[in-house]
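Biologist: Before accepting any label attached to this model, I should like to hear the reasoning behind it. Please set each value against its criterion.

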Amino acid sequence: MQLEPRPLTFVNAPARFSILIPTWNNLEHLQLCIRSIRQNSAADHQVIVHVNDGRDGTLEWVRSQGLDHTYSAQNIGICLAVNEATALADAEWIVYMNDDMYCCPDWDVRLMNRVRMIGHDGFMLSGTMVEPVATGNQCVQVADFGRDVQGFQESALLQALPGLHKPDWSGSTWPPTLVHSRWWHAVGAYSSEFSPGMASDNDFAMKMWAAGCRVFLGVGDSLVYHFMCKSTGRISKNNGRKQFLRKWRMTPSLFDRFYLRRGATGGLSPLEDPAQQPGFARARRWSRLKAWLA
């Protein structure tokens, strides 16, 4: 059974989000992230922080700010942290965001503009990241405004924003991601078997697809600056690619290319069945062979 997208009725007031932010001893970046949400958002969003460990003073600071939060004495990873934070969410819209992101002005307005254009709740939207280092990811904008909080050139970034907008792109999976709470809960949020988090974004998108979602859109003028702090370098990683392959009988790259059409110019229309694309049948057979051998 798949969910049927429900038509939405909107009011003129900006929509309120429940923003889930897992953090792990990254206080300075978290503080900047929270400031940017408060400073550059159109609505008074609910911010929910999951504090992993927090030995750097994060827990005390979050409490001093009166932020909704959950806490674990040890680092439980992204998946469990996001799901813990979800228990406190009270808004219709769920946003998952990293703690090393700076939200640019009107980031939330631009997301909701697309939601209004879509007109139903069966979607997964992403903002567009501006990153200081090129990694070959065609869904981001590359522009260096600093690699950390100390070197952040905030004024220069804000002046450059009009030139950083890009066309909407297909293949939403990366945070900041926006989904309707009905879909978030229906698919079971993030899968704990992918803890601490490698390939968990791909898995969540695949669960949305399996549930009937067909709009996966990156919004080209909803911008966040991403410091690329690479917290994953401090953890023992799960083999997310192999887990995804075994679970879904396909590689993440096949899902990105044929299902999500990642990087292609995006539109509001539902994505078509991947079987209609040239080369899909052969790629699918090869992917199933890999799954059998895994």
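Modeller: A salt bridge requires a side-chain nitrogen of Lys or Arg within 4 Å of a carboxyl oxygen of Asp or Glu. Please bear in mind that this is a predicted model.

Biologist: What makes Asp 53 and Arg 55 a salt bridge?

Modeller: The closest N and O atoms of Asp 53 and Arg 55 are 2.8 Å apart, and the criterion asks for a distance within 4 Å, so the pair qualifies.

Biologist: Why is Asp 53 called buried, and is Arg 55 buried or exposed?

Modeller: Asp 53 has a relative accessible area of 13%. Buried means under 20%, so the label holds for this residue. Arg 55 has a relative accessible area of 70%; exposed means over 50%, and Arg 55 is therefore exposed.

Biologist: How do you know that the salt bridge of Glu 154 and Arg 35 ties together parts that are apart in sequence?

Modeller: The two side chains meet at 2.8 Å, N to O. Glu 154 belongs to helix H5 (residues 154-164) and Arg 35 to helix H1 (residues 27-40), so the pair links parts that are 119 residues apart in sequence. Glu 154 is buried, at 18% relative accessible area, whereas Arg 35, at 34%, counts as partly exposed.

Biologist: What makes Asp 144 partly exposed, and which residue does its side chain meet in a salt bridge?

Modeller: The relative accessibility of Asp 144 is 39%. Partly exposed covers values between the 20% and 50% limits, so Asp 144 falls in that class. Its side chain meets that of Arg 147 in a salt bridge at 3.0 Å, N to O. Elsewhere, salt bridges with shared partners join Arg 114, Asp 168 and Asp 221 into one network. A search of the whole structure finds 10 salt bridges.

Biologist: Why is Asp 100 called buried, and with which residues is it in contact?

Modeller: Asp 100 lies in the loop between strand E4 (93-96) and strand E5 (101-103). Its relative accessible area is 6%, and the limit for buried is under 20%, so the term applies. Neighbours within four places in sequence aside, its contacts are Asn 26, His 29, Tyr 225, His 226, Phe 227, Met 228 and Cys 229.

Biologist: How do you know that strands E2 and E3 pair, and in which sense?

Modeller: Pairing needs at least two bridges. Strand E2 (residues 46-52) and strand E3 (residues 68-72) share 5 bridges in the parallel sense, so they pair. Ile 48 has Asp 68 in E3 as its bridge partner. Together with helix H2 (residues 58-64), E2 and E3 make a right-handed β-α-β unit.

Biologist: Which residues touch the most other members of the largest nonpolar core?

Modeller: Phe 17, Ile 21, Trp 93, Met 97, Leu 125 and Leu 178 do, in a core of 36 residues. A second, separate core has 34 residues, including Ala 85 and Val 187. Leu 178 is in contact with residues distant by over four places in sequence, among them Phe 17, Trp 93 and Leu 125. In soluble globular proteins, nonpolar side chains tend to be buried together.

Biologist: What radius of gyration would a compact globule have, and what is the value for this chain?

Modeller: With 294 residues, a compact globule would have a radius near 19 Å; the chain has 18 Å, which agrees. In addition, 56% of the residues count as buried.

Notes: Residues are numbered from 1 along each chain as its sequence is written. This is a predicted model: local features need pLDDT of at least 70, side-chain atom pairs count only at pLDDT 80 or more; totals for chains, interfaces and linings use all residues. Side-chain values use heavy atoms; hydrogens and water are left out. Helices (H or I, at least four residues) and strands (E, at least two) are DSSP runs, numbered from the N terminus. A crossover is right-handed if, with the strands pointing away from the viewer, the path from the first strand over the helix to the second runs clockwise. A nonpolar core is a set of buried Ala, Val, Leu, Ile, Met, Phe, Trp, Tyr and Cys residues joined through side-chain atoms within 4.5 Å. Buried means under 20% relative accessible area, exposed over 50%, partly exposed in between (1.4 Å probe, protein chains only). Contact means heavy atoms within 4.5 Å. The radius of gyration is taken over C-alpha atoms; the globule rule is 2.2 Å times the number of residues to the power 0.38.
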